[in-house]
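Reader: I would like a close look at one part of this model, the surface where protein meets DNA. Please start with the contacts and then place them in the rest of the assembly.

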There are 2 protein chains.
Amino acid sequence: MSASTSRRDELLGIAGRLFAQRGFKNTTVRDIADASGIQSGSLYHHFDSKEEMVDELLSTFQTALFATYDDIVGSDLDVRGKVDAVVRASFDAIEQHHDEVAIFQNDAGYLMQFDRFGYLRGHNKRFHEMWTALLDEGTRTGELRSDLDPELTYRFIRDTVWVAVRWYRPGRDHAVSEVADQYLAILFDGITSKES
Amino acid sequence: MSASTSRRDELLGIAGRLFAQRGFKNTTVRDIADASGIQSGSLYHHFDSKEEMVDELLSTFQTALFATYDDIVGSDLDVRGKVDAVVRASFDAIEQHHDEVAIFQNDAGYLMQFDRFGYLRGHNKRFHEMWTALLDEGTRTGELRSDLDPELTYRFIRDTVWVAVRWYRPGRDHAVSEVADQYLAILFDGITSKES
DNA sequence: GTCTATAGTTCGATAGAC
DNA sequence: GTCTATCGAACTATAGAC
């Protein structure tokens, strides 16, 4: 933590780590306080509720992520280049904002039932529209196969990329760029050997 | 429910549905009792604890699933045929035992920390060994690309197949065999169009 | 900014009647 | 096999001192 990191952000980071590891519902306010070296009541000097903590973590992260996506989709890359860039941006997010991605993957379904987290639905919709537009453009330009169901292909890509947060740990096994290389190799060309 | 279904199995099915929908920790014994039309105390005539319910659901399912896998791996199919069959068997499991698969996907990480669910670790290990042996055989026979990291390829296949339980609903959109067709098409050959 | 103390709620599980 | 009634523990959040 840098010297300029506020106490609030420091506590938020500790809470995020625990939410990611054990799930939001399964992490108690006392767990967060213990990990922070303070009493549970003291947390309420910084936050109104446990929900506010996870809300701030998710909304801050998602706002930044979609700005990155918008840049890529608005660029002059071809479809393959855009798919490549979006996938790599997603793996980068797993590396740099691991806790936030893990929380979204594990707890978004639970959180979305509350009004406070309605924006998660909106972000899912945007993400879906971005990908289906990209895949649709790819089949029109002839870069992508036209015999695949766009909806299933979207789910395939989405799941494959984000679920990696379950096992990827920064600084272990592979660099995140290597993981992205391999995933894109399979996604674009498959696992069978080609003799041409 | 058939007439021969025991009351215990009936309650187990109701509990499994709720565990799959809301998560194990987030489903209360009172939720299960309400959905069953009885009082929470009455559940303890059939089960010693909430943990026993999820234990029986997972262990019964996994035992059957691994018997199916063993048959496929022990067959005389070539590697591509075995990969095809294992993936299809997994999608069939998502269709026929949706709740059990969903519980495993969402809560296995939490449950594995308890001694009672240590067998989940053993099953994960067996699954990992089955897949890496299969992929290794495929690169030796020349059926599969040799430039991919076997460990990453394993994770790619595993995640892609099982995560479908998050969105697949039996009798909606696509038959499960169609989903398997599309997933295998991408897995084997990728999403780019090939001009030969 | 953190402490102590606790209110108010909900949880898993038990005991005994029917 | 289900009921009523309840225990003891754990939870989120609050109040007020320092």
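Author: A residue is near a strand if one of its heavy atoms lies within 4 Å of it. The model is a predicted one, and the distances below are computed from it.

Take DNA strand C to begin with. Of the atoms of this strand within 4 Å of the protein, 62% belong to sugar or phosphate, and the rest belong to bases. Around DNA strand C there are 17 residues, and Gln39(A), Ser42(A), Val29(B), Tyr44(B) and Lys50(B) come nearest. Two of these five also appear among the polar contacts to phosphate, where the cut-off is 3.5 Å between N or O atoms. Val29(B) uses its backbone: a polar atom there is 2.8 Å from a phosphate oxygen of DNA strand C. Lys50(B) uses its side chain, with a polar atom 2.7 Å from a phosphate oxygen of the strand. From chain A, an N or O atom in the side chain of His46(A) is 3.1 Å from a phosphate oxygen of DNA strand C.

DNA strand D is surrounded by 16 residues, the closest being Val29(A), Arg30(A), Tyr44(A), Gln39(B) and His45(B). Of the atoms of DNA strand D that come within 4 Å of the protein, sugar and phosphate account for 64%. By type, the residues near DNA strand D are three nonpolar, nine polar and four charged. Chain B supplies several phosphate contacts here. A backbone N or O atom of Gln39(B) lies 2.5 Å from a phosphate oxygen of DNA strand D. The side chain of Ser42(B) has an N or O atom 3.2 Å from a phosphate oxygen of the strand. For His46(B), a polar side-chain atom lies 3.0 Å from a phosphate oxygen of DNA strand D.

The arrangement of the two chains comes next. Chain B is superposed on chain A by a rotation of 180° with 0.0 Å of shift along its axis, at an RMSD of 0.0 Å. The two copies are therefore related as by a two-fold rotation axis. In chain B, the C-alpha of Gly190(B) is nearest the axis, at 2.0 Å. Of the interface residues of chain B, 100% are also interface residues in chain A, so the copies meet through the same surface.

Away from the DNA contacts, there is the nonpolar interior to describe. The largest nonpolar core has 134 residues, and Phe91(A), Trp131(A), Phe91(B) and Trp131(B) have the most contacts inside it. Leaving out residues up to four places away in sequence, Trp131(B) touches Val83(B), Val86(B), Val87(B), Tyr154(B) and Ile157(B). Phe91(A) and Phe91(B) also belong to one aromatic cluster, together with residues including Trp167(A), Tyr183(A), Trp167(B) and Tyr183(B).

Over all chains the count of aromatic pairs comes to 23. One tilted pair is formed by Phe117(B) and Tyr119(B), with 6.4 Å centre to centre and 40° between the planes. Phe117(B) counts as buried because its relative accessibility is 0%, whereas Tyr119(B), at 24%, counts as partly exposed.

Notes:
Residues are numbered from 1 along each chain as its sequence is written. Chains are lettered from A and ligands numbered from 1 in the order in which they are written. This is a predicted model: local features need pLDDT of at least 70, side-chain atom pairs count only at pLDDT 80 or more; totals for chains, interfaces and linings use all residues. Side-chain values use heavy atoms; hydrogens and water are left out. A polar contact is a pair of N or O atoms within 3.5 Å; within protein, one must be able to donate a hydrogen and the other to accept it, and residues adjacent in sequence count only if both atoms are side-chain atoms. Ala, Val, Leu, Ile, Met, Phe, Trp, Tyr, Cys and Pro count as nonpolar, Asp, Glu, Lys and Arg as charged, and the others, Gly among them, as polar. Copies are superposed by least squares on the C-alpha atoms of residues with pLDDT of at least 70 in both. Contact means heavy atoms within 4.5 Å. A nonpolar core is a set of buried Ala, Val, Leu, Ile, Met, Phe, Trp, Tyr and Cys residues joined through side-chain atoms within 4.5 Å. Buried means under 20% relative accessible area, exposed over 50%, partly exposed in between (1.4 Å probe, protein chains only). Rings of Phe, Tyr and Trp (its six-membered ring) pair if their centres lie within 6.5 Å; planes under 30 degrees apart count as stacked, over 60 as edge-to-face and the rest as tilted.
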